[in-house]
Amino acid sequence: MSAPVLKYQGALAALTSEARRRLLERGGAECDTQVAARVQAIIARVREEGDRALFDFARQFDRVELEALEVPRARWDAALESLPSGVRAALERAARNIARAHAAQRPLAMEVETEPGVVVGRRPDPLGRVGVYAPGGRAVYPSSVLMGVVPAKVAGVGETIVCSPPGPDGLPSAGVLAAAALAGADRVFALGGAGAVAALAYGTRSVPRVDRIVGPGNAYVAAAKLQVVDAVAIDAPAGPSEILIVADGSARPDAVARELLAQAEHDPEACCVALVLGAPLAQEVRDAVERQARAAKRGDIVLSALGSRGAVLRIDSLEEAWPFVAEFAPEHLLIATATAEDDLSKVRNAGTVFVGQRASVAFGDYLTGANHVLPTAGLARAYSGLSVLDFYRWTTWQRVTPEAAAAMADDVGALADSEGLFAHADAARAWRLP
């Protein structure tokens, strides 16, 4: 008899402390000290040697001799023209929906009078230049290019730069190039891994320095983003894909299993968990996972992920699920219950929530218009998914009338004196009315 596909089964309440810790603490390889040390060395070389280091890394890691780091626009335009018509139509539809959803998120300037004569204001200013990283290793995701570039263009970012690893021909994948052209990117570089992150963060002769780096990547990309935050803003740190499903008797076992496999096929380190109401349904879901996993086209990856951090766990009431959801803080949360609309209000800490079993995570990954660049490893407790807000910085101002300055002078002076900042006190009291 073959070994079970899933690492964890049984009741949620019966999980051992070690099993619970493994499901909740999902830091991944980006926290590995060896990875961090290698990344630190790569970043140091890029800062010291610039383009020369980038060409060397292409030879070392991508096994390709680059003629140039930047990809001519004619090559991306050609890639777009060569796309199969069905794929191009789907990407265009996705780009329209992403633009529509993110345009609705644009922030507004504001002013408030905090007391008579004192006005505080704040306005959103688009960033000058951003870098969008597009993976090119185990899998290639043109959709991720859209998720980074389209919101940046909606926000009004001055220049959007895409970096993606070169293939044997010295170019990023045709899909990535086509998506960059369709989304309206300004420049594309054949750069991958920690070297690309370092180039975007610090700049080289060929690669301009950016204000923020966004987009998913492998452990080296994730570690590099964390190491360059002294020089550039980043989106949420991200690791392997993950899903948490809450399902009751209204859910179809085969549908729950398909959602688990859809995330498991991303990465052997993916974490895929279902909390299922009642023992009979839990067994049906487990059986469906077993059948589908053994027949999966990306079977090696799926079986590795489910065998490492795959779980179908029984719950005895839906109320048992929500504290675990908040603690797990999943990248993707699918609520496959008869009361999904009401259950949405009980959710805290999720990258994005799919309401009802027909709201497949696959729809959100590609076409709904919501962003699929999301926090993982429990960081949804503090981080949100990528949005148009990531492409602004805020300018704050204050206006003070003469009367308001006089009215604040003594209180500000008293506070400044109490902190030993006597020049502050003098600056304030100088505006008292004669």
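The following exchange walks through several residues and strands of a predicted model.

Visitor: Which residues does the UniProt annotation "active site" cover?
Guide: The label is taken from the record, an unreviewed UniProt entry, and such annotations may be inferred rather than shown by experiment. With that caution in mind, the residues covered by "active site" are E331 and H332.

Visitor: Is E331 buried or exposed?
Guide: E331 is found in the loop between α13 (321-328) and β11, and its contacts beyond four places in sequence include P240, S241, G351, H372 and P375. Its relative accessibility is 7%, and the cut-off for the buried class is under 20%. Because 7% falls in that class, E331 counts as buried.

Visitor: Which backbone atom does the side chain of E331 reach at 2.9 Å?
Guide: Leaving aside neighbours within four places in sequence, E331 is in contact with several residues, among them S241 and E242. A polar contact requires N or O atoms within 3.5 Å, and at 2.9 Å the side chain of E331 reaches the backbone nitrogen of E242.

Visitor: Which backbone atom does the side chain of H332 reach at 2.8 Å?
Guide: H332 lies in strand β11 and, at 2% relative accessibility, counts as buried. Its contacts outside the four-place sequence window include E242, I243, Q263 and D365. For the side chain of H332, the atom reached at 2.8 Å is the backbone oxygen of E242.

Visitor: What is the bridge partner of L334 in β12?
Guide: Strand β11 (residues 332-336) and β12 run parallel and are joined by 4 bridges. Strand β12 (residues 352-355) has an uncovered face, V353 and V355, and a covered one, to which T352 and F354 belong. In β12, the residue bridged to L334 is F354.

Visitor: Where does S387 lie, and is S387 buried or exposed?
Guide: S387 is placed in the loop between α15 (361-366) and β13 (392-400). Not counting residues up to four places away in sequence, S387 touches H102 and Q105. Its relative accessible area is 13%, and since the buried class means under 20%, S387 is classed as buried.

Visitor: Which backbone atom does the side chain of S387 reach at 3.1 Å?
Guide: The residues that S387 touches, H102 and Q105, were listed without those up to four places away in sequence, whereas the polar contact asked about here is made to L389. At 3.1 Å, the atom reached by the side chain of S387 is the backbone nitrogen of L389.

Technical notes: Residues are numbered from 1 along each chain as its sequence is written. This is a predicted model: local features need pLDDT of at least 70, side-chain atom pairs count only at pLDDT 80 or more; totals for chains, interfaces and linings use all residues. Side-chain values use heavy atoms; hydrogens and water are left out. Helices (H or I, at least four residues) and strands (E, at least two) are DSSP runs, numbered from the N terminus. Buried means under 20% relative accessible area, exposed over 50%, partly exposed in between (1.4 Å probe, protein chains only). A polar contact is a pair of N or O atoms within 3.5 Å; within protein, one must be able to donate a hydrogen and the other to accept it, and residues adjacent in sequence count only if both atoms are side-chain atoms. Contact means heavy atoms within 4.5 Å. Two strands pair if DSSP finds at least two bridges between them.
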